[in-house]
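Grab a pencil and open the viewer. Here's a set of short exercises, each with a worked solution to check yourself against.

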Amino acid sequence: MSSDEVPSSSEKLPSVSSPRTNGWECPWHPFQVIAWLVVLLFIISHYGFLVFYFPQYWRVIGYVIPGIIIIIHIFSTIITTSINPADNNVRLKLRDGMFKRGMFDRSRHEHVIEDLHCHLCDTDVSKSAKHCRICDKCVNGFDHHCKWLNTCVGKRNYKYFIVTITSGLIGAVFAALISLIFFIIFFASRENLRYFCDL
């Protein structure tokens, strides 16, 4: 645990805000809004325009494959964002309504978490926990704070995060390939494009 988790200018750092439960809580990060707009743009452009230029024998594929990718991506994103990745003891305190904020005194403590006890969450935490200063809570198996999802990625939502990243990557590659095919055919010959679409 490094000491850069809290501002170096503070001798005493009280934790006064309520910890973020999940990524849906305001304020939303601009990257989170952009991510959802990109997904919406892909859906509109593909199903509102591009799929109608597919050859007849490709059209079913053009509907089904992107649809499966989009559904998987949206659901995994929603699940990843909705899960509270906080450490078990932190979640228990929140659930029982007994969450009492602590204070980090740099003159007395070198790190926010010492001997498996978080001074800001004022509770014992697991060995793999780290205190996220953005969400203001300890996250079990902390990997990173994802600005695109507006939440931390940890042990509880990591597998769904991998599905989100993988499905997004596959969707982006699929869109790029389809766009490249139409781009090449269009600039090679517009007649070829018309013939290709009429097949």
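**Exercise 1. Which residues does Pro27 touch, beyond its neighbours within four places in sequence?**

Solution. Start with the contacts: leaving those neighbours aside, Pro27 is in contact with Arg20 and Asn150. Keep in mind that this is a predicted model. Next, check the Asn150 partner along the chain: Pro27 and Asn150 are 123 residues apart, yet their C-alpha atoms are separated by 8.8 Å. Now place the residue: Pro27 sits in the loop between strand E1 (12–14) and H1. Its relative accessible area is 59%, and the cut-off for exposed is over 50%, so Pro27 counts as exposed. Last, look at the backbone: the peptide bond joining Cys26 and Pro27 is cis, with omega at about 5°. For background, most peptide bonds are trans.

**Exercise 2. Work out the overall layout of the protein.**

Solution. Count the elements to begin with: the secondary structure comes to five helices and nine strands. Then read them off from the N terminus, which gives β-α-α-α-β-β-β-β-β-β-β-β-α-α. Turn to burial: of the 199 residues, 38% are buried. For the contacts, take those between residues at least 6 apart in sequence; 58% of them join residues at least 24 apart. Finish with the surface, where the accessible area is about 11,700 Å² and 66% of that belongs to carbon and sulfur atoms.

**Exercise 3. Does the span of H2 agree or disagree with its 27 residues?**

Solution. Helix H2 covers residues 56–82. The expected span is 1.5 Å times one less than the number of residues, so the 27 residues of H2 should span 39 Å. The end C-alpha atoms of H2 are 40 Å apart, which agrees.

**Exercise 4. Sort the residues of H2 into a patch side and a buried set.**

Solution. First, find the nonpolar surface patch, about 970 Å² in area, made by Phe49, Phe52, Tyr53, Val60, Ile61, Tyr63, Val64, Ile65, Ile68, Ile72 and Val163. H2 gives the most to this patch, with seven residues. Phe52 comes from the loop between helix H1 (30–48) and H2, and with a relative accessible area of 45% it is partly exposed.

Second, list what is buried in H2: Arg59, Gly62, Pro66, Gly67, Ile69, Ile70, His73, Ser76, Thr77, Thr80 and Thr81. A useful reminder when you look down the axis: an α-helix has 3.6 residues a turn, so residues three or four places apart point the same way.

Third, zoom in on His73, one of the H2 residues. Its relative accessible area is 16%, and the buried cut-off is under 20%, so His73 counts as buried. Outside its neighbours within four places in sequence, His73 contacts Val39, Thr164, Ser167 and Gly168. The C-alpha atoms of His73 and Tyr160 are separated by 9.6 Å, with their positions 87 residues apart along the chain.

**Exercise 5. Which residues form the largest nonpolar core?**

Solution. The core has 10 residues: Ala86, Val90, Val112, Ile113, Cys118, Leu120, Cys121, Val125, Ala129 and Cys138. Take Cys118 as a way in: skipping neighbours within four places in sequence, Cys118 contacts Val112, Ile113, Thr123, Val125, His131 and Cys138. There is also a second, separate core of five residues, including Leu50, Phe174, Ile178 and Phe182.

**Exercise 6. Compare the backbone and burial of Asp122 and Asp136.**

Solution. Locate them: Asp122 lies in the loop between strand E4 (117–118) and strand E5 (123–124), and Asp136 lies in the loop between strand E6 (130–132) and strand E7 (137–139). Check phi: it is near 55° in Asp122, a positive value in a residue other than glycine, and about 55° in Asp136, also not a glycine. As a rule, most residues other than glycine have a negative phi. Then check burial: Asp122 is partly exposed at 34% relative accessible area, whereas Asp136 is buried at 10%.

**Exercise 7. Is Gly154 buried or exposed?**

Solution. Gly154 is in the loop between strand E9 (151–153) and helix H4 (158–188). Its relative accessibility is 0%, so Gly154 counts as buried. Leaving aside neighbours within four places in sequence, Gly154 contacts Pro85, Val139, Asn140, Gly141, Phe142 and Asp143. Its C-alpha atom is separated by 9.9 Å from that of Ile83, 71 residues away along the chain.

Notes
Residues numbered from 1 in each chain as written. Predicted model: local features only at pLDDT ≥ 70, side-chain atom pairs only at ≥ 80, totals over all residues. Heavy atoms only, no water. Patch = residues over 30% accessible without salt bridge, like charges linked within 9 Å, V, L, I, M, F, W, Y side chains within 5 Å. Areas by Shrake-Rupley, 256 points an atom, 1.4 Å probe, with all protein chains shown as cover. Salt bridge = Lys/Arg side-chain N within 4 Å of Asp/Glu carboxyl O. Helix = DSSP H or I, 4+ residues; strand = E, 2+ residues; numbered from the N terminus. Buried < 20%, exposed > 50% of the residue type's maximum accessible area, 1.4 Å probe, protein only. Core = buried A, V, L, I, M, F, W, Y, C linked by side-chain atoms within 4.5 Å. Contact = heavy atoms within 4.5 Å.
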